[in-house]
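Biologist: I keep seeing labels on models like this one and want to know what stands behind them. Can you walk me through it?

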Amino acid sequence: MKIREFGVEIWMNYYETKCVYNLAETCVESITLEQLLEFADKKDTILSELLPMKMTYGAIEGSDRLRNVVASLYETQKRENVVITHGAIGANALVYETLVERGDHVISVGPTYQQHHSIPESYGAEVSILQLREQNAFLPDLQELRELIRPGTRVIALNNPNNPTGSLMDRGLLEQIVEIARSVDAWLLCDEVYRGTNQTGDGFSVSIADLYEKGISTGSMSKTYSLAGLRLGWIVGPIELLQAVSIHRDYNTISVGMLDDHFASIALENRDKILARAHGLLRSNLATLDVWVAQEPRVSYIKPKAGTTALLKIDTELSSRDLCIQLLEAKGVMFTPGSAMDIEGYVRIGYANNPDVLKVGLVKVSEFLREVR
Ligand SMILES: Cc1ncc(COP(=O)(O)O)c(C=O)c1O
């Protein structure tokens, strides 16, 4: 089976270790195990929990403890609606593997994480892109969605909050999308890996799983919870869907690591502290970025409402890729070119990483923009 190369992953894998100022990172700055254990007040006791653990495959679908605490992130979900996966990347892949076949029709927003269109395409599905445009604050145009949808549309893929644009669909907009999906009985998969990162309030907005009987939410520990190293995610959805997923999951997952399951449970049980840190970083770093954009005559953007990334429009003749490579070579600053996400004319910044790296990195970008006309 052939599949398109994953543009962003190739870019990140190649340049991540070569840059000095990483403004391409999409996680809220990762935490150490020590920080996690301090948040949970377990630094002195953790070994007594870990040493007796017998390293079996563990609970196949994820431990009851973890599935319960994941369910508590949702308004109406129960443990039976949760299955644990290898990151959100594993969650999304399993959903497509379960639902999509050759000849199916899939609609995916774009730009988004490339899995959502390249995997169904690789299965021989016909994929329509619901384009998110700057003039619409990177929110989907519902009229366009009505024109794309048809009887038999199998899956509509959303990403809320959206990577790369930082746009956020509220309950009202999601409810209208649900109505459109329901009219043809389509599944609605919403990649919610950035859920919890809103710039206002408690950081959370409603999940598609709580709005629609065929709504599927995917999420993980990587972004909002700063624990990508656990490689732990989940699918939340109707029980019949999870039963179908489990047939595929038995072939490629068995279970996730017992230690990952254990530390994810600890983290989500103590999420108030992790989230307080994340919201502090997200909000003060976006303020830094906002001031910088305002005083840079050649840079503009749609200020993100959530997520960890924004698309910057830079007034230049260079392609997004050439701009990113020249910036890396001249100043050591790493952005991600829009072309890696099929949206030429922009670069993506990840602003939720270390605040000092962000501040110095932006100064270096300003120098670069003055030097390169
Ligand atoms: C929208 C989106 N979905 C899924 C993933 C994969 O996340 P995970 O680390 O949980 O596999 C990413 C990572 O960048 C992402 O941006």
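Modeller: Let's start with axes: they are lines fitted to C-alpha atoms, for helices over the stretch in contact, and the angles run from 0 to 180 degrees between N-to-C directions. Bear in mind that this is a predicted model. With lines like that, the axes of helix 5 and helix 9 (residues 239–252) come within 9 Å and cross at roughly 105°.

Biologist: Why are helix 5 and helix 9 called roughly perpendicular?

Modeller: The label covers angles of 65 to 115 degrees. Helix 5 and helix 9 cross at roughly 105°, so the two are roughly perpendicular to each other.

Biologist: Which residues meet where helix 5 touches helix 9?

Modeller: From helix 5 you get L94, V95, E97 and T98, and they meet A244, V245, H248 and R249 in helix 9. By type, that contact divides into 4 nonpolar, 2 polar and 2 charged residues.

Biologist: What makes helix 12 and helix 13 roughly perpendicular?

Modeller: Same recipe: the window is 65 to 115 degrees. The axes of helix 12 (residues 320–331) and helix 13 (residues 355–371) cross at roughly 110° and come within 10 Å. Helix 12 and helix 13 are therefore roughly perpendicular to each other. In the contact, L327, A330 and K331 in helix 12 meet K364, V365, E367 and F368 in helix 13. The residues there are 4 nonpolar, no polar and 3 charged.

Biologist: Next, the sheet. Why do strand 9 and strand 12 count as edges?

Modeller: The sheet is open, with 4 strands in the order 9-10-13-12 and antiparallel pairing. Strand 9 (299–301) and strand 12 (336–337) each have a single partner strand, so one side of each is left without a neighbour in the sheet.

Biologist: How do you know that strand 10 and strand 13 pair?

Modeller: Pairing takes at least two bridges between the strands. Strand 10 and strand 13 (residues 347–350) are joined by 4 bridges and run antiparallel, so by the cut-off of at least two they pair. For one of those partners, look at A310, whose bridge partner in strand 13 is I349.

Biologist: And the domains: where does each one lie along the chain?

Modeller: Domain 1 is 7–33 + 273–371, and domain 2 is 54–270. Their centres, taken over C-alpha atoms, are separated by 25 Å. The contact takes 29 residues from domain 1 and 30 residues from domain 2. On the side of domain 1 that touches domain 2, helix 1 (7–15), helix 11 (271–295) and strand 10 (309–314) are the elements giving two or more residues. Helix 11 has the largest share of that side, 8 residues. The side of domain 1 divides into 16 nonpolar, 7 polar and 6 charged residues.

Biologist: What about the ligand: which residues come nearest?

Modeller: There are 13 residues around the ligand, and G87, A88, I89, S220 and S222 come nearest. To be in that shell, a residue needs its C-beta atom, placed from the backbone, within 6 Å. Helix 5 (residues 87–99) gives the largest share, 3 residues. The shell divides into 5 nonpolar, 7 polar and 1 charged.

Biologist: Any backbone oddities to look up?

Modeller: Check G110 and P111, joined by a cis peptide bond with omega about 5°. P111 sits in the loop between strand 3 (105–110) and helix 6 (115–122). A cis peptide bond also joins N163 and P164, with omega about 20°. Then there's D41, not a glycine, yet with a positive phi of about 55°.

How values were computed
Residues are numbered from 1 along each chain as its sequence is written. This is a predicted model: local features need pLDDT of at least 70, side-chain atom pairs count only at pLDDT 80 or more; totals for chains, interfaces and linings use all residues. Ala, Val, Leu, Ile, Met, Phe, Trp, Tyr, Cys and Pro count as nonpolar, Asp, Glu, Lys and Arg as charged, and the others, Gly among them, as polar. Angles under 35 degrees count as roughly parallel, over 145 as roughly antiparallel, 65 to 115 as roughly perpendicular and the rest as oblique. Two residues are in contact if their C-beta atoms, placed from the backbone, lie within 7 Å. Domain bounds come from an automatic or database domain assignment.
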